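Good morning, colleagues, and thank you for making time for this presentation. Please take a moment with the display before I begin.

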Amino acid sequence: MATTENKTSFQRLPCLVTPINYHIRLAPDFKKFTFEGSQSIDLKVNESTAEIVLNSDKLTIENGADQCNVKLPNDNKTINIKEIKYNVEEETATLILAEKLVPGMNAILNLEFSGELDKNLTGFYKSRYIGPDGKERFSAVTQFEPTYARKAFPCWDEPAHKATFDITLVVPVSDNDDKMVALSNMSVKEENRDSQKRRVVKFDRTPIMSTYLVAFVIGEYDYIETRSKHGVLVRVYTPLQKSEQGRFALDVAARSLDFYTDYFQIPFPLSKLDLIAISDFSAGAMENWGLVTYREVCLLVDPSHTSTSRKQSISLTVAHELAHQWFGNLVTMEWWTHLWLNEGFAMFMEYLCVDHLFPDFMIWKQFVSDTFLSAMNLDSLANSHPIEIPVGHPSEVEEIFDDISYNKGACINRMLYHYIGDENFRKGMKLYLSRHSYKNTQTEDLWNALEEASQKPVRRMMTTWTKQKGYPVVTVNCQGSNRLELTQEKFNSDGQLSDADKTMLWAVPVQVITAKDVQKPQAEILLEKRVETLELGSLIDLQKEWIKLNPFAMATYRVQYQQEDLFIRLLEEGIGQQKLDPADRLNLINDLYSMTLAGRKSSDVLFQAIGSFRNECEYSVWTVMNVILSKYNQLLYGYDFHPKFVEFGTKLITQKVFGEIGWDPKPSEPHLKTLLRPLLINRLVTFEYPEVMKKCHEAFDDHVAKRKSIPADLRSAVYRAMSSQITDEIWEKIMKLHDEAELQEEQMRIQSALGSVKKPEFIERVLKFAISDKVRSQDTIFVVASVACNPSGRRTAWEFFISNYELFKSRYDVGFLGNALIKSLIENFQTEEMAHQIEDFFRVNPNKGWDRSIQQSIETVRLNAALMARDTEKLAKFFQ
Ligand code: BES
Ligand code: ZN
C-alpha cells in the first residue's frame with residue numbers, strides 16, 4: 001500500500017451538520033464574467049455545534065446579517081453568523097454562529113455569494129465560441145468533478161454528502177434571447193422574468209445525489225431530440241446551426257440508455273437526458289446526471305470530416321458516460337479511494353454496450369490492444385499504485401484519474417466477468433445497484449453482491465487485485481507429457497523484486513488452450529499459491545502439442561514459457577501460421593515485448609519474433625506492433641543503424657499487409673480494415689516510405705486546390721507527411737486549412753500533425769503556435785506532446801516547457817491534462833543524465849499535482865537507459 005507519509009495532512013469535513021436540500025440561484029454576467037448566487041440549504045443537525053464547516057473555493061460569501069444567517073422556521077428565529085473563516089489550502093469556510101444548533105432542530109442556512117467565471121475550465125466557467133455571425137461569444141458551463149462544485153456554490157463537496165437540489169438559473173439578457181438556453185440536471189419546472197427582464201428558469205428537484213454531479217449550462221445552442229424505447233426524452237445540444245452533427249450521438253445515446261436499462265433492470269430515474277457539446281472543455285466528457293457534457297470532438301460527427309476511429313470513440317464515450325448514470329450517479333463511491341468503482345466500471349461497461357450496439361466494431365479485440373496494454377504497462381512500474389488508494393487533498397484526487405483507475409479497473413472487471421459469467425454478473429450488478437440506490441458504497445459492497453450472485457470467491461480473489469499494486473508473471477514449466485508447474489511472482493519492469501514484492505500473491509484465474517482447440521480452454525485453475533501444478537490429464541501430449549496460457553488475454557497477468565522450444569512452436573504455428581486467435585497473437589508478442597523491456601529477454605529475440613508476423617493482417621495485432629515499432633523508433637533514433645531498423649519496419653508492413661489494405665478504401669470493407677489503413681499509412685509516413693510520401697503529397701495538393709478532398713480517415717497521415725517535409729509554402733497552406741476548419745476535430749488533427757515537423761526553426765514555430773490564441777487551452781498539450789514524441793523535437797519541447805513553466809503550471813497544475821503533458825515530455829528520453837536533469841528541475845520547481853506522473857516518467861527514462869545499455873549492440877547486429 002502507498003504510505004500516507006509526505007502527504008499533506010488532510011481531513012474530510014466534519015459531519016456535525018449535513019445538508020438535506022439545496023435551493024440554489026445563480027446569475028452569471030457575460031460582460032464582467034462574474035456570477036452572483038444565493039442559496040438556502042436545509043440542514044440536518046447531527047450534533048450540537050456553533051460552527052458549520054463547508055467547502056468554498058474562490059467565492060466571496062457576503063457576511064451581512066441579511067445575506068448570511070441560519071433560520072429556524074419552527075421557532076421563527078434567526079441565528080446570526082458572527083464570523084466567516086476561510087481556509088484557502090483546505091478549500092473550506094467555517095461559519096461561526098452566534099448560537100448553538102442542536103440535534104432535531106429544523107435549520108436553514110442562507111448564503112449570498114459571488115465569484116468569477118473561471119478561466120481554467122473548472123467550477124462555473126466560461127466557454128468561448130464563434131457564433132454563426134463570425135463573432136466571439138461566451139457561454140457559462142460547469143465542470144465539478146472531482147472537487148469544483150465548491151467554486152460555484154458553498155457546499156459539502158464530498159461524494160458521500162448526498163442531497164437534493166432545487167436549481168434556478170438567471171439568464172443574462174442577450175441580443176439572441178430566443179436561442180439562449182438554460183439547462184441543468186432536471187427538466188424546467190417554470191420560467192419567469194425578473195425586474196431586469198432577465199429570464200429566470202427553475203428546474204425540478206433532483207433526486208438525492210452528490211455535488212460533483214450537479215451541472216448547469218447557459219448559452220446559445222441548437223438541439224435535436226428523440227425518445228428512447230423506454231420513453232426517456234433524449235436531446236443532443238450542439239453549437240448553433242450544427243444540430244445535425246449530433247445525430248450519431250443521439251442515436252447511440254438512446255440505444256445505450258435502453259441497453260443499460262435492460263441490462264441492469266433498473267429504469268433511468270430522470271425524465272430527460274441531455275448531451276451537450278461544449279467548445280472549451282478539459283476532459284473528454286462528464287457524466288453529470290441528466291446533463292452530460294462533452295468536448296465537441298467527443299460528440300459531434302460531420303460525415304465528410306469525421307474519421308471512423310473518431311466515430312468509434314464517440315460511441316465509446318457516449319456509452320461510458322451513460323453507464324455512469326447508474327454506476328456513479330445512482331450508486332456513488334463513498335470516497336475517492338474507490339474512484340475506480342466509477343471509472344473502471346464505466347470503462348468496462350462502455351465496451352459491453354458498444355459491442356451490443358455495433359457488433360462489427362469488434363470492440364473487444366480492441367480492448368486488448370488499447371486498454372489492457374496501457375494498464376499492464378503502467379502497472380509494472382515501481383511508481384504505480386493500487387487500484388484502491390488512500391487520497392485526501394484535491395490535488396491527490398485529481399492524480400488518480402489515470403490508467404490504473406480506468407484501464408486496470410476495466411481489465412479486472414473483464415477478468416471477473418469472464419470468471420463468473422454474464423448471467424451471474426448481471427444478477428450481481430442488479431443486486432448491487434438496487435441495494436445501494438441513492439447511497440454510497442465501497443469496493444467491498446460490489447464484491448459482496450457479485451459473490452452472492454455467483455457463489456464464487458469473488459471477494460477473496462478481487463481484493464488481491466485492488467489492494468495491491470502490480471500483477472504477476474506466471475512461469476509455466478512443462479513436466480512430462482501432461483503436467484504444468486505454474487509459479488507466480490510480481491512482474492516489475494526493472495526485473496528486480498524488493499522484499500515486499502517477494503511476498504505478494506494474486507488469485508489468478510489461469511486457463512489453458514491447446515493446439516487442438518484454440519477457442520475453448522481445456523484446463524483451468526485459480527492459482528492462489530506461489531507454485532501449483534495443473535494436470536492436463538489425457539487431453540494433451542506436451543511432447544507433441546503446444547499450449548497457450550491466458551486465452552484472449554482475459555486475465556491480468558503475463559506468461560513466461562520456461563521451455564524455449566514450446567515458445568518457438570507457439571511463434572511458428574500460433575503466429576506464423578495464424579492458428580491462434582488475434583487476441584492471443586497480440587498477447588504473446590506483447591508479453592514478449594514487456595519481458596524485453598524488463599530484461600528477461602533481449603531485443604534481438606523480440607525482433608526475431610516480430611518477423612513471424614509477416615502474414616499478419618489483423619488491426620488489433622498491428623496496434624501492438626505499432627506500439628513496439630514506435631518505441632524502438634524513439635530509442636534508436638540517431639544511432640547509425642537506425643536506417644536499417646526503419647528498413648526492417650517498412651518491409652514488415654509493405655511485404656504483405658499494406659498490399660492487401662492499400663491506399664483507397666474499398667466499398668463495404670470490414671470496420672477493422674478501415675481502421676488498419678490509417679494506422680499503417682501513419683507508420684509508413686513516420687518511416688518516410690517514398691511511395692506513401694508521394695501519395696500524401698498528391699492528396700494534399702488535390703485537397704488544397706479543392707479538386708478532391710482527402711478522406712477523413714487519411715487526413716492525419718497526410719498532414720503529418722506534409723509537416724515532416726515542411727517549407728514556408730506548405731506551412732501557409734496548412735495554416736489556411738486550420739483557420740478555415742469549422743470542426744474542432746479537423747483543427748485538432750492539423751495541430752497534432754504539426755508536431756511532425758523536423759527543421760529546428762519550424763519546431764520552434766509549432767511550439768509557439770501551441771500556446772497562441774489559435775489553439776484552445778485544452779488542446780495545447782496535445783500539440784506540445786506531438787512535438788515531444790517526435791525524436792527531432794523532443795529536446796526542444798522540454799526546453800520550451802522549462803522556459804514557459806509558469807504558463808503551463810498556471811494552466812494545468814492539477815488535472816489529467818497536465819499529467820498527460822508531463823508524461824509525453826519526459827517519457828522518451830533515454831539517458832541517466834536526462835533523468836537527473838529532470839529530477840533536479842522539478843526539485844527546484846515542484847508541482848504537487850504532477851508528482852506521480854513525474855516519478856513514473858523518470859522511472860521510464862531510467863528503464864530506457866537500462867534497455868539501451870543491455871541491448872544496443874545486439875540490436876545493431878540484428879539490423880545489420
Ligand atoms: N468522470 C469522467 C470525467 C472526469 C475526468 C472528471 C477527470 C474529472 C477528472 C468521465 O466519466 C470520463 O471518464 N471521461 C473520459 C472519457 C471516457 C470515454 C474514458 C475522459 O474525459 O477522458
Ligand atoms: Zn468516466
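What are the helix and strand percentages over residues 248–465, and how far apart are the end C-alpha atoms? Please keep in mind throughout that we are looking at a predicted model. Over that stretch the chain is 58% helix and 9% strand, and its end C-alpha atoms are separated by 37 Å. I selected this range since UniProt, in an unreviewed entry, lists residues 248–465 under "domain: Peptidase M1 membrane alanine aminopeptidase".

Let me turn to the annotated position. The unreviewed UniProt entry places the feature "active site" at Glu321. Glu321 sits in helix H2, which covers residues 308–324. Is Glu321 buried or exposed? With a relative accessible area of 5%, Glu321 counts as buried, because the cut-off for that class is under 20%. If neighbours within four places in sequence are left aside, the contacts of Glu321 are Ala285, Met286, Glu287, Val292 and Tyr294.

That brings us to the ligand. Which residues are the closest to ligand 1? The shell has 14 residues, and the closest are Glu145, Gly284, Glu287, Glu321 and Tyr406. Glu321 therefore appears twice in this account: as a buried residue and as one of the closest to the ligand.

By class, the shell is made up of five nonpolar, five polar and four charged residues. Three polar distances to the ligand deserve attention. Tyr406 places a polar side-chain atom 2.6 Å from an oxygen atom of ligand 1. For Glu343, the partner is a nitrogen atom of ligand 1, at 2.8 Å from a polar side-chain atom. His324 has a polar side-chain atom 3.0 Å from an oxygen atom of ligand 1.

How much of ligand 1 does the protein bury? Taken alone, the ligand exposes 520 Å², and the protein buries 87% of that. Two elements give two or more residues to the shell, namely strand S19 (285–286) and H2. Of these, H2 gives the most, with four residues.

One residue of the shell leads to a point of backbone geometry. Glu145, among the closest to ligand 1, is joined to Pro146 by a cis peptide bond, with omega at about -10°. Pro146 itself is located in the loop between strand S10 (136–143) and strand S11 (164–171).

There are two further backbone entries, both concerning positive phi. Glu91 has a positive phi of about 60° although it is not a glycine. Its loop runs between strand S6 (77–87) and strand S7 (92–101), and Glu91 is buried, at a relative accessible area of 14%. Gln455, also not a glycine, has a positive phi near 60°. Gln455 lies in the loop between helix H8 (443–454) and helix H9 (458–466). Which class does Gln455 fall into, buried or exposed? Gln455 counts as exposed, at 68% relative accessibility.

Next, a loop residue with a long list of contacts. Where is Asn185 found? Asn185 is in the loop between strand S12 (180–184) and strand S13 (188–193), and it is buried, with a relative accessible area of 1%. Its side chain makes a polar contact of 3.4 Å with the side chain of Ser184, and also reaches the backbone oxygen of Trp289 at 2.9 Å. Leaving aside neighbours within four places in sequence, the residues in contact with Asn185 include Ile167, Thr206, Met209, Leu270, Asn288 and Trp289.

I close with two pairs that set sequence separation beside distance in space. Gly849 and Glu398 are 451 residues apart along the chain, and their C-alpha atoms are separated by 7.4 Å. Gly849 occupies the loop between helix H27 (832–844) and helix H28 (851–879), and is buried, at 3% relative accessible area. Not counting residues up to four places away in sequence, Gly849 touches Ser395, Glu399, Asp813, Val814 and Asn819.

The second pair is Glu572 and Ser538, which are 34 residues apart in sequence and 25 Å apart in space, C-alpha to C-alpha. Glu572 belongs to helix H11, residues 564–576, and is partly exposed, with a relative accessible area of 49%.

Definitions and conventions:
Residues numbered from 1 in each chain as written. Chains lettered and ligands numbered in written order. Predicted model: local features only at pLDDT ≥ 70, side-chain atom pairs only at ≥ 80, totals over all residues. Heavy atoms only, no water. UniProt positions renumbered as here; feature names shortened; annotations may be inferred. Buried < 20%, exposed > 50% of the residue type's maximum accessible area, 1.4 Å probe, protein only. Contact = heavy atoms within 4.5 Å. Near = heavy atom within 4 Å. Polar contact = N/O pair within 3.5 Å; in protein donor to acceptor, adjacent residues only side chain to side chain. Areas by Shrake-Rupley, 256 points an atom, 1.4 Å probe, with all protein chains shown as cover. Nonpolar A, V, L, I, M, F, W, Y, C, P; charged D, E, K, R; others polar.
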